[in-house]
Structure formats: structure tokens, C-alpha cells
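Colleague: Before I rely on any of the labels in this model, I would like to hear how each one was reached. Could you take me through the reasoning, value by value?

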Amino acid sequence: MAKTIVVPDLHQPSQETLKIIERMIDRECPDLTVFLGDYFDSFGDVLAETRRTVKWLKTSLEKPRRAHLLGNHDISYFWPSDATFCPGWTSEKQRIIARVLDLGDVDKFKFHAWVDGWLLTHAGLARHWVPPGVEIVSWLDEEAKKARSLFLEKRVHWFVAIGRARGGYDPAGGLVWCDWREERWPIRQLVGHTPSRDVRTANNGSVCLDTNIGSGPRKYAVIVNGSLTVQNL
């Protein structure tokens, strides 16, 4: 039976939190570990935290059986422009990250992952963006290719759309900005991005795992043959 571990938003985790996560992965011994993105930025963070996070990320990217998804706080550093700007971004942090992660590293990041019938993204795929009658798997794979090309050209893609729930002008948030409290889910998903003390579940079984309320994630998910359970970190 294949086992997948899913770790939600990190936001500049402490060294102790990183150790706890690595020990958990060693203990669970999964076939795949998926990180849901937002590795960078936290309220009142300092540059030393960015250095620690990006060094850990460089090492984690090189480990087998790991997938690292992109969040809104990551895209702003990998493809900085007005189109991808996210609060928390600074040019100083940008330079630190760029000195550690090269283009080959950035290419390893993904916008989404499919695991045992679950769609994993940073924030969620809102029904608003899905064309009628489309086959979601192949369509979303193509949209991810388009997004990467457009961000390289400093252009906008709907993945970074900000919905009204987050103070934006779009009817719904994009793949890295979708707000759990307001959007509707066309398929079963596991997401982060919208923090709360508790894990939340939608009517169709979708789950929001983001429990980072300022001190790092407190929960993680385990998926085995399509069945999801939530564990304390």
C-alpha cells in the first residue's frame, strides 16, 4: 500500500520545527512526501530566517520521494514581478533566495499533484476557473505549463488571481490564492493557504490542512489508498 505524507504551509519554520518535520518523515517512512507550499514569509520575520528556510529547502529538493508545491509566497520570489507580488516579499529576501536556489531547483517545484484521487494544491481549485465539460487532469496539467511560461515573461495567469474573499477583484482566487471560506470545490482536494487552529472539511470531502497560526504547522495528513487521516505533528 502506497503512503503519502502531506505537510501544510511552513512560513519560515524554526529550526526545531524543521527537525520535528524531518523526524516525522523518517518515522512514517512514506513513499512520497508532499509539501503544500508557502515556505517563505511570516509576520515580523528576519533575514536569518529566510537563510535557514532556503538552505533547508535546497536540501529537501534533492531528497528522493518528495514533491514541493508552490504557494503565493513562493511564486513572488521565483518569478518576481507586479503580476506575482505577494505581501511579505522584499528585495533583500529575494537576493538571499536567489543565491541558494538556481533555475534547476525552481524547475523542481510543481503547482499541483495528484495522489490517490486527491488533487493537492496550495490554495485550491475553485469551480469558477474550470471550463464546462473539461477533463480536469489534463486541462490543469496544461494550465500549469502556461502559468510557468507566463510568469517567466512577468505576465499574469489566473493561478495568481486574488478573489474578493482576499480583497481582490476576481470572482474567485486562483490556484495559489483561493480562499477556503468562500470558494466552491469541483473535485475532492487537499489544500493549505487559509489558516485556522482546526482542520476543516467541505461537503464534498475536500480538506484544508493549514494549521499554521504563527508557530509552524501543527498537523499533517496521511493518504493511503485514497483514505486520508490527519495526525498531530
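Modeller: Let me begin with the hairpin, keeping in mind that this is a predicted model. S4 and S5 form a hairpin with two residues between them, and Asp116 in the turn has a positive phi of about 50°.

Colleague: What makes S4 and S5 a pair of strands?

Modeller: Two strands pair if there are at least two bridges between them, and S4 and S5, which run antiparallel, are joined by four bridges, so they count as paired. One of these partnerships sets Ala113 opposite Leu120 in S5.

Colleague: How do you know that S5 and S6 pair as well?

Modeller: The rule asks for at least two bridges, and strand S5 (residues 118-121) and strand S6 (residues 189-191) have two bridges in the parallel sense, so the condition is met. Leu119 stands opposite Gln189 in S6.

Colleague: Why are S4 and S7 called edge strands?

Modeller: The open sheet has five strands in the order S4-S5-S6-S8-S7, with mixed pairing, and strand S4 (112-115) and strand S7 (200-201) each pair on one side only.

Colleague: How do you know that the length of H6 agrees with what a helix of 17 residues should span?

Modeller: The expected span is 1.5 Å times one less than the number of residues, which for the 17 residues of H6 gives 24 Å, and because the end C-alpha atoms of H6 are 24 Å apart, the two agree. Helix H6 (residues 136-152) lies across S4 and S5, running at about 155° to S4, and its buried residues, among them Trp139, Leu140 and Phe151, pack against H3, helix H5 (103-108), S4 and S5.

Colleague: Why is Ser76 called buried?

Modeller: Buried means under 20% relative accessible area, and Ser76 is at 1% relative accessibility, so it counts as buried. Ser76 belongs to helix H3 (residues 72-78), and its contacts, not counting residues up to four places away in sequence, are Thr84, Phe85, Cys86, Trp89 and Gln94.

Colleague: What makes Phe78 and Trp79 an edge-to-face pair?

Modeller: Ring centres must lie within 6.5 Å and planes over 60 degrees apart count as edge-to-face; Phe78 and Trp79 are 6.4 Å apart, centre to centre, with 90° between the planes, so both conditions are satisfied. Phe78 and Trp79 are also both buried.

Colleague: Why is Arg188 said to lie over the face of Trp118?

Modeller: The distance rule requires CZ of Arg within 6 Å of the ring centre, and Arg188 is at 4.1 Å from the ring centre of Trp118, so the distance condition holds.

Definitions and conventions
Residues numbered from 1 in each chain as written. Predicted model: local features only at pLDDT ≥ 70, side-chain atom pairs only at ≥ 80, totals over all residues. Heavy atoms only, no water. Contact = heavy atoms within 4.5 Å. Axes fitted to C-alpha atoms, helices over the stretch in contact; angles between N-to-C directions. Phe/Tyr/Trp six-rings, centres within 6.5 Å; stacked < 30°, edge-to-face > 60°. Buried < 20%, exposed > 50% of the residue type's maximum accessible area, 1.4 Å probe, protein only. Lys NZ or Arg CZ within 6 Å of the ring centre and 35° of its normal.
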